[in-house]
Amino acid sequence: MKSIHIFGGGTVSYIRNHMALCAPAYGNTARYLQQYMHGRWADSYLHLTKMADHTSTMETNDDVLQRLQGLVNDPDTGAIIMNAAMCDYDGTVLDKNDRVTESGKHCTRLRTANGIQHLVLKPAAKIIGGIKRSRPDILVVGFKTTTNDTDEVQVQRATGLLASGCDLVLANDTTTRNNILCQPNLCVRESRDTLLRLLADTVIRAVSAVN
C-alpha cells in the first residue's frame, strides 16, 4: 500500500546563537488532515517540525529537506502534503563596513550592548519542486498563503506553485479568510474545512488508484 505523508509546523533559519528568523506555524492544519484521514487510509503519517512538536528533530529547512529525501527514496511513498511553513529567508548580519558576517546556530551570539544591527535577507532555496523532479509519480500537495489579496491573485500564486511541481494547491488568505483549492484547470472556492476534506479525499482517491 502506498503511503501518505503530511508535513506541518514552521521552520527556523539561524542568524546567530539564540537568534533566528522563523515561519510561525504550529501544525494545526496538518493534525486536522491526519485526523480526517485516520480510518480512511491506514498508511498516513504525520511529520511535525520542532515548532509544532518539541520531540521532533526537524527544525530548519535543511532538516525538512532531509526527511523529504528519505521519503522520495522510498518506493512506497505515494503522496506528500507539504503544509509545513518553510522559512523563506536566511539572514546575515552586516559588520560596520557592510560586509556579511558568519551566520549559523553556533556562531557568536549578538550582544544588545553593541546596539542596532543591520541584517541582509537572502531568499532561501525552494524545496517542494524537487519532489516531482526526482519522483514524478508522487502526488504533491502545496499551500500558498497570501495577505489581503483578491481571488485572482490567490489563483495566480497557486498556479505558479502548480507549475513548480504540485498537483494540488490550497490557497488561503490570512486576512480575507478566503480559501481556494486549485488543480490544473480547476479551482474550487469553499470554506476551509470543506476544502481540507476535499483535499484529503482527492489525495486518497489518487493514491488508491495506483495501489
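Reader: Why is C187 called partly exposed?

Author: Good place to start! This is a predicted model, and in it C187 has a relative accessibility of 30%. Buried means under 20% and exposed means over 50%, with partly exposed in between, so C187 counts as partly exposed.

Reader: And what makes C87 count as buried or exposed?

Author: C87 comes out at 5% relative accessibility. The cut-off for buried is under 20%, so C87 counts as buried.

Reader: How do you know whether C87 is in a disulfide?

Author: Look at the sulfur atoms. The nearest cysteine sulfur to that of C87 belongs to C22, and it is 6.8 Å away. A disulfide needs two cysteine sulfurs within 2.5 Å, so C87 is in no disulfide. By this rule the count for the model comes to 0 disulfides.

Reader: What does the charged end of R40 sit over?

Author: The ring of Y36. The charged end of R40 is 3.9 Å from the centre of that ring, and the limit for this distance is 6 Å. As for aromatic pairs, their count by the rule is 0.

Reader: Y36 is one of the buried residues of α1. Which others are there?

Author: Helix α1 spans residues 28-37, and its buried residues are T29, A30, L33, Q34, Y36 and M37. They cover an arc of only 160° around the axis, which means they lie on the same side of α1. On the other side, N28 and Q35 are exposed.

Reader: What do the buried residues of α1 pack against?

Author: They pack against four strands, β1 (3-8), β4 (44-48), β5 (77-82) and β8 (139-146), and against helix α5 (192-209). After α1 comes G39, with a positive phi near 90°.

Reader: What makes the phi of N148 worth pointing out?

Author: Most residues other than glycine have a negative phi. N148 is not a glycine, yet its phi is positive, about 60°. N148 lies in the loop between β8 and α4 (151-163). Its relative accessible area is 54%, and exposed means over 50%, so N148 is exposed.

Reader: What is the phi of N185, and why is N185 called exposed?

Author: The phi of N185 is near 70°, again a positive value in a residue other than glycine. You will find N185 in the loop between β10 (179-183) and β11 (186-189). With a relative accessible area of 84%, set against the cut-off of over 50%, N185 is therefore exposed.

Reader: Is N172 buried or exposed, and how do you know?

Author: N172 has a relative accessible area of 13%; the cut-off for buried is under 20%, so N172 is buried. You can look for N172 in strand β9 (residues 168-173).

Reader: Which side chain makes a polar contact with the side chain of N172?

Author: That of T145, at 3.3 Å, where the limit for a polar contact is 3.5 Å. Leaving aside residues up to four places away in sequence, N172 touches K144, T145, T146, Q154, N178, N179 and R192.

Reader: One last residue: why does G129 count as buried?

Author: G129 has 9% relative accessibility, and under 20% means buried, so G129 belongs with the buried residues. Its place is in helix α3 (residues 129-134). In sequence G129 and L161 are 32 residues apart, while in space their C-alpha atoms are 8.5 Å apart.

Definitions and conventions: Residues numbered from 1 in each chain as written. Predicted model: local features only at pLDDT ≥ 70, side-chain atom pairs only at ≥ 80, totals over all residues. Heavy atoms only, no water. Phe/Tyr/Trp six-rings, centres within 6.5 Å; stacked < 30°, edge-to-face > 60°. Lys NZ or Arg CZ within 6 Å of the ring centre and 35° of its normal. Helix = DSSP H or I, 4+ residues; strand = E, 2+ residues; numbered from the N terminus. Buried < 20%, exposed > 50% of the residue type's maximum accessible area, 1.4 Å probe, protein only. Polar contact = N/O pair within 3.5 Å; in protein donor to acceptor, adjacent residues only side chain to side chain. Contact = heavy atoms within 4.5 Å. Arc of directions from axis to C-beta.
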